[in-house]
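Student: I would like a close look at the aromatic rings in this model. Please take me through them in one connected answer.

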Amino acid sequence: MTTTVAAYAAPSGGAPLEKTSIDRRDVGAHDVLIEIEYAGICHSDIHTVRDEWGKQTYPLTPGHEIIGHVKEVGSDVTRHQVGDAVGVGCMVNSCQECEACTEGLEQYCVKGNIGTYGVKDKDGTITQGGYSTHVVVDERFVVHVPDGIDHAAATPLLCAGITLYSPLRHWEVGPGSKVAIIGMGGLGHVGVKIAAAMGAEVTVLSHSLAKKDDGLRFGAKNYVATTDEDAMKALRGTFDLIINTVSVNLPMDDYLALLRFDGVLVELGAPSKPLSVQAFSLIGMRKSLAGSCIGGIAETQEMLDFCAEHGITAEIEQIGADAINEAYERVVDSDVRYRFVIDASTF
Ligand code: NAP
Ligand code: ZN
């Protein structure tokens with residue numbers, strides 16, 4: 001048995017999203033039914049519906065930044081109650097048994113985590129994301145939204161927030177750390193706020209100075225245009241950690257040159273073409289090039305609590321569902337300050 005709910009979906013790869021309806025499973029013993037308030041637009045939604053990451057199953061409803069309220073709980077649910085404000089991010093399940101899952105790193109589930117959309121679920125159906133009015137999710141993949149945080153502005157934390165928080169914690173950023181964030185878009189701008197709140201000295205490396213005032217307001221100490229060769233030269237050998245959030249290919253060697261010895265460049269952006277790196281960019285100063293994928297569920301809760309405590313939310317532009325396709329164009333053109341959030345009552 002299923003329930004039909006309103007949604008927006010891409011009917012085929014690269015096609016504009018359109019209004020439709022999708023089925024949600026009945027609430028199982030461990031499930032919660034969430035009435036969605038807001039869904040964020042992540043650049044990953046765009047990569048996916050435009051088929052930039054390989055074959056998808058269509059029609060596809062994207063959306064993995066979700067905040068809403070619990071409408072119904074299954075008989076065995078203990079973590080959430082009807083009426084609770086809750087969030088769902090990029091995963092809705094995992095094997096729960098492997099080494100990664102038992103360490104709270106469900107995003108690295110060795111059998112593959114079950115993404116919030118476009119992935120085969122345990123019942124064989126393809127998961128459908130948050131651009132809809134309701135979603136049914138296993139309670140273990142639902143987090144509490146802290147009191148006092150603005151729901152619309154907190155919605156992007158469910159992907160953008162945790163994707164930056166997790167590497168910042170993993171590489172133990174704190175007072176004294178010199179951190180650079182490449183690209184100040186949806187992910188990057190939240191990263192600047194979180195890294196600054198952790199006590200790091202933050203530099204933004206952006207492709208222009210257009211957003212400099214914002215970057216400094218978010219807590220960056222320095223803001224550098226990557227086209228400024230002299231400014232880039234002056235930064236060589238200075239950073240402990242560089243986090244790349246850019247959605248297109250960059251000249252990696254130029255950025256690795258900015259790390260001090262033992263420094264780490266963490267790749268978060270996911271362009272479809274391979275990254276190219278000279279071996280000597282890593283060898284000479286024992287530098288590392290790493291990747292990082294969102295964060296675990298417990299860590300997502302920790303991140304939300306950290307953000308609530310430090311007054312951190314995303315800067316958002318709230319839209320109705322009929323503006324999604326235009327919003328996608330504006331994200332690709334880096335013309336959003338800094339995340340679109342869709343009002344789910346308009347689906
Ligand atoms: P976004 O809002 O579009 O931000 C990307 C930023 O990259 C832009 O604001 C811009 O920053 C820079 N940029 C864009 N086009 C550029 C170009 N042609 N040349 C140079 N810089 C350019 O995207 P997002 O939602 O933050 O996502 C960023 C990437 O992370 C995407 O590839 C997404 O799929 C990926 N992602 C990864 C994870 C993960 O777990 N690893 C999670 C979520 C998303 P400036 O204007 O400051 O230069
Ligand atoms: Zn995302």
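Student: Over which ring does the charged end of Arg-260 sit, and how far is it from the centre of that ring?

Tutor: Bear in mind that this is a predicted model. The ring is that of Phe-261. The charged end of Arg-260 sits over it, 4.7 Å from the ring centre. Arg-337 has a comparable role to discuss: its charged end sits over the ring of Tyr-338. Here the distance to the ring centre is 5.8 Å.

Now the ring pairs. The count comes to four aromatic pairs. One of them joins Tyr-131 and Phe-347. A pair of aromatic rings is described by the distance of the centres and the angle of the planes. For Tyr-131 and Phe-347, the centres are 6.4 Å apart and the planes differ by 10 degrees. The pair is stacked, because planes under 30 degrees apart count as such.

This pair links distant parts of the chain, 216 residues apart. Tyr-131 lies in the loop between strand 7 (114–115) and strand 8 (134–138). Phe-347 lies in the segment after strand 17 (339–343). Both Tyr-131 and Phe-347 are buried. Ring pairs also bring in Tyr-8, which forms a cluster with Tyr-131 and Phe-347.

Last, a serine with aromatic contacts. Ser-44 lies in helix 1 (residues 43–49). Its relative accessible area is 17%, so Ser-44 is buried. Beyond its neighbours within four places in sequence, Ser-44 is in contact with Trp-53, His-64 and Tyr-117.

Note on methods. Residues numbered from 1 in each chain as written. Chains lettered and ligands numbered in written order. Predicted model: local features only at pLDDT ≥ 70, side-chain atom pairs only at ≥ 80, totals over all residues. Heavy atoms only, no water. Helix = DSSP H or I, 4+ residues; strand = E, 2+ residues; numbered from the N terminus. Buried < 20%, exposed > 50% of the residue type's maximum accessible area, 1.4 Å probe, protein only. Contact = heavy atoms within 4.5 Å. Phe/Tyr/Trp six-rings, centres within 6.5 Å; stacked < 30°, edge-to-face > 60°. Lys NZ or Arg CZ within 6 Å of the ring centre and 35° of its normal.
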